[in-house]
Amino acid sequence: MTGAEPGSSLWSASTGAAQRKQDRDEVFVEYTKSICPVCKVVVDGQVNIRDGKVFLRKRCREHGLFEALVYGDAQMYLDSARFNKPGTIPLTFQTEVVDGCPSDCGLCPEHKQHACLGIIEVNTGCNLDCPICFADSGHQPDGYSITLEQCERMLDVFVESEGEAEVVMFSGGEPTIHPRILEFIDAAQARPIRSVNLNTNGIRLASDKAFVAALGRRNQPAWAVNIYLQFDGLEERTHREIRGRDLRAIKRRALDNCAEAGLTVTLVAAVERGLNDHELGAIIEYGLAHPAVRSVSFQPVTHSGRHVEFDPLTRLTNSDIIHAVAAQLPQWFQARDFFPVPCCFPSCRSITYLLSEGTPGTPGFTVVPIPRLLDVEDYLDYLSNRVVPDFAVREALEKLWSASAFMGTDTTRDRLTQAAAALDCADACGINLPEAVANLEDRAFMIVIQDFQDPYTLNVKQLMKCCVEEITPDGRLIPFCAYNSAGYREQVREHMSGVPVADVVPNALPLRPILTDSPYGSKVAQEGDRVGPSNPRDATNVGRRIR
Amino acid sequence: MNEAIPPKSAAAETKACCAAVYGSDVMPLLLGGSYHPGGLALTRRLAEQLRLCRGDRVLDVATGRGTSALLLAGEYHADVTGVDLSPANIALASDAARTTGLVDQTRFLLGDADRLPVENAGFDAVMCECAFCTFPSKPTAAAELARVLRPGGLLGIADVTAEPTALPPELSGLSGWIACLGGARPLPEYTDLLTAAGLTVTHTERHDASITAMLDQVEARLALVRMTARDQAEALGVDFDRAPAVLAAARTAIGDGVLGYALLTARKPE
């Protein structure tokens, strides 16, 4: 990292030869802020492109140099920049700007986007103890669960901020084991929140049909209740390594029960390199074949909380997942069927929609990715496009390529119909394609790819436009990735449970020498490596002019 | 793909087929009304090669519904005249100019590439996307494009390239039906045509991948039509059983360099 000392001679007296200047092996593309993954102090960061990949590098004065892969395909990363829409200002902010991002969450007035999706974690307890859990949940005696009053207050904060909110997601812990979860859903449905998502491992859905039926009753046309089902793959090894036990039969029963109750399900896979990244195609096929499933969400494992040891330089990113889907299902997908989501920062999330007919594996089964039917780029490229072919179509695509888009909601159904107008040949030769597609809505399927940031990959550039927020019991809306990375999760848990919670440190290969186990299975820094509370003042940007 | 509709070889019919984007032909259903290979991204690429400046007078020949003309007016602040053979397109383009607030910078005229309804030497730049190949008399059209350019002005063409004699049988059977396939020429022949019209070709570049992307779109729309309106489409002559072979042949032709897409720019001497 260091070159010749200033003033040293370029002419070497001993050899008599001029020293050759060397080029760096990377292209410097961004200067930003991040955090130290060990002590969470805010530090400067730089983004560089090397070997066609995008890396974030930063240095902590206490803990040294850190680098992580943030996008596996540099061209795709650079191309994604155009898919960035102006943010929308929420009706209220909950905090002030004091120390700057990510220390003021949130949302603070410097935040660039409103909340497309609000998450309420109803508890820390879980009926599983998965080896991979960003929330560090499990069978734990010292966690917390929220009361109905707290839940109502959290919902109110969300509504104050959003006016009419799109989606609230109940998560945990395992939200279905909270005794008042149905009342929480009722409380959400009593407010101007268009749909509810229940994020679950499916254990209760598999065994408690009365509960599933109760959810089904709450799933009304204008007020959908959808299921966000943890589903990492179809192989036993995947289940054992990621969940600690073989849950395959349970997942199947949960899905069948959902189908019976008319509930729409998203399969959500945490994807870890070398564990289940070969199962992406199989998960999509499984989803297409099951009547309850209308979407799949692939999320590279967030290396926050509890997870298996990983190498930050080879971690999975969105482009890796996109290329893997195209490689595993080449007959259906190409990488360019996926488009970045413009409401958040475009490198955070990519989506495609498809229409399908038939059953996978049977003759005549057909998949049509919707981006091949209309030029998504002509609508969602906000930087070069000033002439949009049809603003109604753009508005529809904006909602579809958004963090608030979930299959099984009226909004998504209406927007698919609206986007079909771009098929642009109404009644050519007597076939009204837009109308035909509108009637196909029940065959539409969504694939979402979302790389949540962790203490290694956190980039405030992305964080400042995050549109997925954790709603906290004390009435804040904290961007999901800040919540999991910067120390807010530990702060909230400590406050709610009254039990001190140490800052969780990623279980990263380069950190192995300084890591020790936390009581919850995650990793923390060993004694002596702790350098004060979370989010102390940024010491690299000191707000004064040159000396 | 279509045996029911006889190949149209007469020049006039070829022109009519391409101009009648909103006619009853099944092609718009598969190609999409305003689609051309490369989309708006390639239009911008062409505009950049024309080095458009604010206020430049630009003629867009075969403007269709005016999508590119409006892009040039909105993003490059050019003063754009669009010409198209179809009255329906002229009406749609004029409507689109109104809704995008670009009426003052654009006008759309009914006209034919053989006799462009504009004065001599009145344009700083002329653009023609995915249409030159369909003009029945290419030397006449090239001369017209040259006529309307001011001395020193630039012409930009984006078009299908093809070696008509080398097209596989699956595709040559379609060439009477898909006008751009029947009329397309190899890239050097376009260069010769423009040179013969007194223009100096300054730059050419290939964009064959944009044709592949268009085939993906045709394949997707074909699948969608089969899902939603199979009987109707078959009655119109779409042969779903034969389509995969045709698409595969087209992909092979692209891979072999027999079929492609290219941009050309040419200058009118001072």
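Visitor: In what kind of crossing does α3(B) pass α4(B)?
Guide: α3(B) passes α4(B) in a right-handed crossing. Bear in mind that this is a predicted model.

Visitor: Why are α3(B) and α4(B) called oblique to each other?
Guide: Helix α3 (residues 39–49) of chain B and helix α4 (residues 67–76) of chain B pack at an angle of about 60 degrees. Roughly parallel needs under 35 degrees, and roughly perpendicular runs from 65 to 115. The angle fits neither, so α3(B) and α4(B) are oblique. Their axes lie 11 Å apart.

Visitor: Which residues of α3(B) meet α4(B)?
Guide: B:Leu40, B:Thr43 and B:Ala47. In α4(B) they meet B:Ser68, B:Leu71, B:Leu72 and B:Tyr76. By class, this contact has 5 nonpolar residues, 2 polar and no charged ones.

Visitor: What makes β3 and β6 of chain B edge strands?
Guide: Each pairs on one side only. The open sheet has 7 strands, in the order β3-β2-β1-β4-β5-β7-β6 (chain B), with mixed pairing. Neighbouring strands are turned by 15 degrees against each other on average, direction ignored.

Visitor: How do you know that β1 and β2 of chain B pair?
Guide: Pairing takes at least two bridges. Here 5 bridges join β1 (residues 57–61) to β2 (residues 79–84) of chain B, so the two strands pair. They run parallel. One bridge links B:Val58 with its partner B:Val80 in β2(B).

Visitor: Where does α4(B) pack on the sheet?
Guide: α4(B) touches β1, β2, β3 and β4 (123–129) of chain B. Its direction makes about 175 degrees with that of β2(B). Over 145 counts as roughly antiparallel, so α4(B) is roughly antiparallel to β2(B).

Note on methods
Residues numbered from 1 in each chain as written. Chains lettered and ligands numbered in written order. Predicted model: local features only at pLDDT ≥ 70, side-chain atom pairs only at ≥ 80, totals over all residues. Axes fitted to C-alpha atoms, helices over the stretch in contact; angles between N-to-C directions. Helix = DSSP H or I, 4+ residues; strand = E, 2+ residues; numbered from the N terminus. Left-handed = near helix turned anticlockwise from the far one by under 90°. Contact = placed C-beta atoms within 7 Å. Nonpolar A, V, L, I, M, F, W, Y, C, P; charged D, E, K, R; others polar.
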